[in-house]
Structure formats: structure tokens, C-alpha cells
Amino acid sequence: MNEVDNLSRVHHKNLVKMIGYCNDRNQIAVVYEHMEEGNLQDWLRGNAWPLPWKKRVRIAYESAQGLEYLHKMCNPPLIHRDVKASNILLNTNLEAKISDFGLVRAFTSTHVTTQVVGTPGYMDPYYASSSELTEKSDVYSFGVVLLEIVTGRSPILHGPHSGQHLTQFVQQRLSKGNIETILDPNMGGQYNINSIWKVADLALRCTDQPAKRPDMTTVVTELKESLELEIS
């Protein structure tokens, strides 16, 4: 019912629409608009078709607009609390919409002290240790999604780097100035490297200490610039 309540009062082109709901004894369901192309996580790590960089940065830009709406244009402002690649749904044109509003919390001051919830790998370490929830917690999670978009890797790495967090993996390699070693090979080699550097740098700032993280309005602005670089 928390999800129904939130969905009934948020309306934005980059938030999934609620068609209806059922709350009849043990028959409980929320009905979303149909998103034909599934979720971003499947496209990054399970889909047979490659996802070019231009489409990736556009998906990031559209998703950021949805989160900016929650943080800046809702009254009271809303924190999603479970931003992750599998909660970014794609329609037939690969347009992105944020979904799953079951954990959304309103906030009217600098922070909300609440029980810690979220998905491992995406959860803001400061929130996890302090229980103090702010809009910057969503910014951290979105920063992890941006790193997934650049690398194609999951937040908690497998294989030779098993157990390492994606942020550490990227920081170590970018500190040496070589971005090529982290890029998802499934992008097909067609991209503007300056656009990718801009998104990677933004992602690391989003996952920095809370005071150093940008807000979602800044994230939207910088992703728009990255998209324009790629288009040009």
C-alpha cells in the first residue's frame, strides 16, 4: 500500500505508471504499464544484443530525470531507497523509467533516521552505518548504476576480483589514467571517449563521501552534456 500511495501521486515521463492495484485479502498486486524491453540489468549482463554507448548514456540521463523529480519536485520530497539497474525498466524504444516504489520515504528536513533497507552493493555505506537517510543515499546508488553502465559489471565483482566492490575496481584503474581497461566490450567500440570519461568521473563523485556528492539536478545536467558529446 506504500507503493500504491506513492505511485498515485507521482507523475513523470521517467517514472513507471501505475495502471491499478488489487488489495483483496491474500490477492495483493500492483499493475504497472507494460515495459516491453525488461530492465537495464538484463541488457547489461544477460541480453544477447549489445547496448551501444549512446543508448546507455541516454538511459542514464532519463533515469536521472526521474530521480530528480522525486527529490526536487515532489512535495514532500521522496527518497527511492532502492535505486538499482533491475529497477530501471525500458520500453520498446529503450526509454527508461524508474520502478518499484515500495521502499520510498518522504523527507522534510536534512535527513530521516530509519531502519536500513536496500540492496547490497547499491546501498550507501554512510546510510548503512548511521541509519541517517538523505537524498544523497539515492545519489550513491545511482552512481553505482552509472559504473555498471560503463563497465557492464555487477556492483559486487565475480571471477578474479571476486568480492571487490565495483567502485574500488574503477577507482584503482582510473587513478592510472587508463579507462580502456574498465570499459564493457559489449559496447562494440563505438563511443566518444570524452563522454565516457565524464560519466565515469561523475559516477565516482556520486559514490564519494556524502558531502562531496552532487545532487540529482547536477547529475542530470552533466549526463545531458555527456549525451551531447556522444551525439556530436
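The overall architecture, surface and nonpolar core of a predicted model are described here.

The chain of this predicted model contains eight helices and eight strands. Its radius of gyration is 17 Å, close to the 17 Å given by the globule rule for 232 residues, so the chain is as compact as a globular protein of that length. Along the principal axes, the C-alpha atoms occupy a box of roughly 55 × 40 × 35 Å. Of the contacts between residues at least 6 apart in sequence, 63% link residues at least 24 apart.

Buried residues account for 49% of the 232 residues in the chain. The accessible surface amounts to about 11000 Å², and carbon and sulfur atoms contribute 48% of this area. With respect to charge, the chain carries 23 positive and 26 negative side chains; the centres of these two sets are 2 Å apart.

In soluble globular proteins, nonpolar side chains tend to be buried together. In the present model, the largest nonpolar core comprises 61 residues, among which Leu40, Leu70, Phe142, Leu146 and Leu223 touch the most other members. At least two residues of this core are supplied by each of the helices H2 (40-45), H3 (53-73), H5 (135-151), H6 (166-174), H7 (193-206) and H8 (216-231), and likewise by each of the strands S4 (88-90) and S5 (96-98).

The surroundings of Leu40 were examined individually. When neighbours within four places in sequence are set aside, Leu40 is in contact with Leu51, Ile59, Ala85, Ile88, Leu90, Val145 and Ile149.

Conventions:
Residues are numbered from 1 along each chain as its sequence is written. This is a predicted model: local features need pLDDT of at least 70, side-chain atom pairs count only at pLDDT 80 or more; totals for chains, interfaces and linings use all residues. Side-chain values use heavy atoms; hydrogens and water are left out. Helices (H or I, at least four residues) and strands (E, at least two) are DSSP runs, numbered from the N terminus. The radius of gyration is taken over C-alpha atoms; the globule rule is 2.2 Å times the number of residues to the power 0.38. Buried means under 20% relative accessible area, exposed over 50%, partly exposed in between (1.4 Å probe, protein chains only). Contact means heavy atoms within 4.5 Å. Accessible areas come from the Shrake-Rupley method with a 1.4 Å probe; for residues, only the protein chains shown count as cover. Lys and Arg count as positive and Asp and Glu as negative; His and the chain ends are not counted. The place of a charge is taken as NZ of Lys, CZ of Arg, CG of Asp or CD of Glu. A nonpolar core is a set of buried Ala, Val, Leu, Ile, Met, Phe, Trp, Tyr and Cys residues joined through side-chain atoms within 4.5 Å.
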